[in-house]
Amino acid sequence: YFPIRIISGTNILIEDVEVDGGGFSSKGIQIDGGSVTIRRINLHDSEDGIHMSGSGPIVLEDSYIHSPRHASSGHSDGLEIEAVSNVTIRNNNLHYAGANTSATMIDNYFGAVTNLVFEGNWLSGGAYNMYIDGNFSSSLISNLKIRNNRWIRNSAQYGPLIVRGALSSICWEGNVYDDNGQVLNYGGPSQVSCPATSSP
């Protein structure tokens, strides 16, 4: 069900590995808790790439997440981010072509999401490339910094982005289409000015 599952622990490092879901894994990597760094991985052929929850901190960087495999009734996402805090996602290639939900899903289905930095990533695939959904509960999705990412134009079925629900303090800056650098506007609720410098 999970090639890798992390339930708890500290200073866990997954680095320079390939994770092959084999076409039958639900999540390539499941994080239920703990402090985790994932770096330079090649993850493919699972329904969802990485599912993140817990208090963190969680860092995902310099990785390639691609080639989803799912049943027709599945809801595949490159990243699923829910009921989690203190997450940094940077400099990843999230190429989830053929996914029926998103390259990146941020939602409050199981609880609040807070303190997320999402920067320097490349997004492609899904019904939407990025899906921020605060409609599942009253738990807030808050303090998101989404900046300096690149979207592949026309790679999603319905559009690059959908945003809705219980949101607060969303920093959106420097997000552009990959082909010509056209700015991708946020257009959602609770947008705030971004800090002057990026988080480490």
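1. Let's start at Val-36. Leaving aside residues up to four places away in sequence, Val-36 touches Ile-6, Ile-12, Ile-31, Pro-57, Ile-58 and Val-59. Please keep in mind as you read on that this is a predicted model. Val-36 has its place in strand β4. Is Val-36 buried or exposed? Its relative accessible area is 2%, so Val-36 counts as buried. For a sense of distance, take Val-36 and Ser-53: they are 17 residues apart in sequence, and their C-alpha atoms are 11 Å apart in space.

2. Now step back to Ser-35. This residue is found in the loop between β3 (18-31) and β4 (36-39). With a relative accessible area of 14%, Ser-35 is buried, because buried means under 20%. What does Ser-35 touch, not counting residues up to four places away in sequence? The contacts are Gly-9, Thr-10, Asn-11, Ile-12, Gly-56 and Pro-57. Ala-99, by contrast, is 64 residues from Ser-35 in sequence and 28 Å from it in space, C-alpha to C-alpha.

3. Pro-57 has come up twice, as a contact of Val-36 and as a contact of Ser-35. Have a look at the bond before it: a cis peptide bond joins Gly-56 and Pro-57, with omega at about 0 degrees. Where is Pro-57 placed? You will find Pro-57 in the loop between β5 (42-54) and β6 (58-61).

4. Leu-13 is a good residue to set beside these. Its place is in strand β2 (residues 12-15), and a relative accessible area of 47% makes Leu-13 partly exposed. Not counting residues up to four places away in sequence, Leu-13 touches Thr-37 and Arg-39. Leu-13 and Gly-174 are 161 residues apart along the chain, and 30 Å separates their C-alpha atoms.

5. Next, please turn to strand β8, where two residues deserve a check of their backbone angles. Ala-83 is in strand β8, and its phi is near 50 degrees, a positive value in a residue other than glycine. Asn-86 is also placed in strand β8; here phi is near 65 degrees, again a positive value in a residue other than glycine. How exposed are they? Ala-83 is partly exposed, with a relative accessible area of 25%, and Asn-86 counts as partly exposed at 35% relative accessibility.

6. Strand β8 also leads us to the largest pocket, which has a volume of about 220 Å³. Of the 15 residues lining this pocket, Glu-80, Glu-82, Met-105, Asp-107 and Phe-136 are the closest to its centre. Which strands each supply at least two residues of the lining? They are β8 (77-90), β10 (102-107) and β13 (128-134). The largest share, three residues, comes from β8. Sorted by class, the lining has five nonpolar, three polar and seven charged residues.

7. Time for the aromatic rings. A pair of aromatic rings is described by the distance of the centres and the angle of the planes. How many aromatic pairs does a search of the whole structure find? The search finds seven. One of them joins Tyr-1 and Phe-2: the ring centres are 4.7 Å apart and the planes are at 80 degrees, so this pair is edge-to-face. Tyr-1 counts as exposed at 66% relative accessibility, whereas Phe-2 is partly exposed at 25%.

8. Compare that with the pair of Trp-151 and Trp-172. Their ring centres are 5.5 Å apart and the planes are at 45 degrees, so the pair is tilted. This pair links distant parts of the chain: Trp-151 is in strand β15 (residues 150-151) and Trp-172 in strand β17 (residues 167-173), 21 residues apart. Trp-151 is buried, with a relative accessible area of 0%, and Trp-172 counts as buried at 8%.

9. Two last points on rings. Tyr-109, Phe-110 and Phe-136 are linked into a cluster by ring pairs; you have already met Phe-136 among the residues closest to the centre of the largest pocket. Finally, find Tyr-177: Arg-153 lies over the face of this residue, at 4.1 Å from the ring centre.

Definitions and conventions
Residues numbered from 1 in each chain as written. Predicted model: local features only at pLDDT ≥ 70, side-chain atom pairs only at ≥ 80, totals over all residues. Heavy atoms only, no water. 1 Å grid on protein atoms, 1.4 Å probe; cavity = no way out; pocket = protein on both sides within 12 Å on 5 of 7 lines; lining within 4 Å. Points joined across faces, edges and corners; volume = space filled by probe spheres on them. Helix = DSSP H or I, 4+ residues; strand = E, 2+ residues; numbered from the N terminus. Nonpolar A, V, L, I, M, F, W, Y, C, P; charged D, E, K, R; others polar. Phe/Tyr/Trp six-rings, centres within 6.5 Å; stacked < 30°, edge-to-face > 60°. Buried < 20%, exposed > 50% of the residue type's maximum accessible area, 1.4 Å probe, protein only. Lys NZ or Arg CZ within 6 Å of the ring centre and 35° of its normal. Contact = heavy atoms within 4.5 Å.
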